[in-house]
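Thanks for coming, everyone. Let me put the structure on the screen, and then I will walk through a few parts of chain B.

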Amino acid sequence: MHSFWIIFKQAFLTKAKTKSFIITTVIVVAAFFLLANISNIVAIFDGEEPEENVLYVLSEETELLENLQVQLALMETDIKVVPAHLTETELQESITEGTIDDYLVLTRNEQLIARYVSESANELGSGNEIENAVQAIHTAITAESLGLDARQVDQLFMLVEFERQAVSESSKSQEELSQARGLVYVLIMLIYVAVIYYPNMIAMEVATEKSSRVMEILISSVSPVKHMFAKIAGIGCLGILQMLIFGTAGYLAIKTAGTDLTEGIFSVMGFSEVKISTFLFAVLFFLLGYFLYAVLAALLGSLVSRTEDVQQLMLPMMILIIIASLIAFSGITVPEANYVTVSSFIPFFAPLVMFLRVGMLDLPLWEPLLSIAIMLVTIGVLGWFGARVYRGGVLMYGSSQSLKDIRKAIRLGNKK
Amino acid sequence: MTLHVEHVTKKFGDFTAVDNLSLIIQEGGMHGFLGANGAGKTTTFRMILGLLDPTEGSVWWKGKPITYASSPEIGYLPEERGLYPKMKVEEQLVYLAQLRKMSKGDAKREATAWLKRFEVPHYGQKKVEELSKGNQQKIQLIAALLHKPSLLILDEPFSGLDPVNVEMLKKAILDFQKQGATIVFSSHRMDHVEELCDDMSILDRGKVVVGGPIKKVKRSFGKQKVRLNVDADLSSLSGVAGVDNFTKTKEGAIFQITDERVAQTLLAKAMKLGTLRHFAVEEPSLEEIFIAKVGKYHA
């Protein structure tokens, strides 16, 4: 056990002290604070240069102009309608020169005809709002000509009550779902990053020790299996530490942001009503996912002789993670789909997909437990298998860099 | 209290790397392995260390197989040198010694002492990658013996070193032996083995072709050289019975003989030819034995 701790400490401390680790952590934490305060920051810039949103309108009827201004005001836009005193060609030139953004041509024959001109058609301008406003004016005019009174117009345009209700017991109500979605999304993202980042770190570490040939000294002192697991545990703790820092930073960032973030956008993301169990499952699936992929990464890292070859051998593993993430991210809108359910029991996808289901649905407890058990068994089997490959792999040198080397490595590490 | 290697064979697929190798190394002895590249030296060492399991046979150290439990007693300098390039020398030495169950304080003290002995005390705080190759090798040797192992295995300890550093390391290794350690090392420099070892083995294609105490090996080799410096032409003596080989030198000739008595005959005949200036019966060097034993396989 003594040497286990020494390797553990070494793996943890040397990595924690590297510049790249510290810089990454600082940057992410800074990004959190920046994001949390983004509305404040935007407000500062907005306050400094208030921009007049002016819409030039070419129209012969001043009544239409007034109506448009009223409608735009009703829609809570800050667009100011200004009658244009220029010809259309002159207005177009002004757009090309950049002195104005857009203009609107309004004419009334049988019906209302509007033409909105801006620099490019796909520009995210105020086109939609203006279209809605013009539509509203048109409706009002038509209603008037048909002799409808205001109450009748209101009735005509009353919104239907459309509520979604689910029969399935495991399904959460619409409101709950949209609340959970944001949080689950963020946590899946974290798990996804973690199962890529930390196992990669392990593969690189192992490959570095091999390529610098210090490995032979290490495994003549300590058994390769102990070495492998101590390293995985060390980097794992580093991962937990980093995630804790991120978590605390994120929490503090939201709390100190000054604006009431639990309302606004963040209520949509489900931060207002956080379920503790979601977090517990997130930590659990983070750990399981990490161990699963870390063992795999150590196995793969032990096969290469040069650090340059690591990425190539890691590719199959990366593909597994990417497939898992695709299922999880697509499943966030349809957590009850069949393919999501099935893949939540496949060990390599489970860390992401089962967490998604746990977060989004009210599952009976046995489902996540079964998935966790499957993952534990897989980790055990992979650990046993990985240790065998590792034992031989670390002694293997050469240009070889394919998965076929696994067989060679097992033979080399074999008892007989 | 010895190192026993009993009928050890290691096969990689169809390839036999080590073939039925047996040897006994007494405690406190120094044993040299000689062999061309690929003769099976490193594989033998890895089996002694337990890094590889022999296909057949067994290895015993002090009556027990070598496992990770014996890790503190064993020191190893691998053929492929390796240290963490980015780690500081002292930190690294302490880490590696701790893995061999030495306490941190002891390891630090010993590391400082060894760095001083190798005349590089200021390297403790330097990164390994900043050191020259020769100095890295010193650090590597310190890493192998810092924890005071009783069995030290050195795979090509002197390769790539300048003569001054070779002498420094040789002395350190001899001193370490005097403190009671058993040392096994390999080299393809015959003179190092000849100078340091009591016993030796020449390996070729996984087999020991010659082995035992160096003196005995030389004597049983049977071939000796007679050097005669005479002021006359000695080519007539090349036909004497028992002379295998005759080489002319500036001052006389060298005769390769199989029987010591032939030397007397040669001496008697040479004295009749002219004035004798020098006569010597020379033992064969390990180099000659090596070439004779291994070279003929390659021929």
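Which residue in E2(B) is the bridge partner of Val8(B)? Leu21(B) is that partner, and before going on I should say that this is a predicted model, in which local features need pLDDT of at least 70, side-chain atom pairs count only at pLDDT 80 or more, and totals for chains, interfaces and linings use all residues. Residues are numbered from 1 along each chain as its sequence is written, with chains lettered from A and ligands numbered from 1 in the order in which they are written.

Helices (H or I, at least four residues) and strands (E, at least two) are DSSP runs, numbered from the N terminus, and two strands pair if DSSP finds at least two bridges between them. E1(B), residues 3-12, pairs with E2(B), residues 15-25, in the antiparallel sense over seven bridges, and the two form a hairpin with two residues between them, where Gly13(B) in the turn has a positive phi of about 65°. E1(B) also pairs in the antiparallel sense with E4(B), residues 56-61, over five bridges, and there Thr9(B) stands opposite Glu56(B).

Turning to helix H3(B), its buried residues (20 or more other C-beta atoms, placed from the backbone, within 10 Å of their own; exposed means 12 or fewer, partly exposed in between) are Ala107(B), Ala111(B), Trp114(B) and Leu115(B). The face turned away from that buried side carries the exposed residues Gly105(B), Arg109(B) and Lys116(B). Just after H3(B), Glu119(B) takes a positive phi of about 60°.
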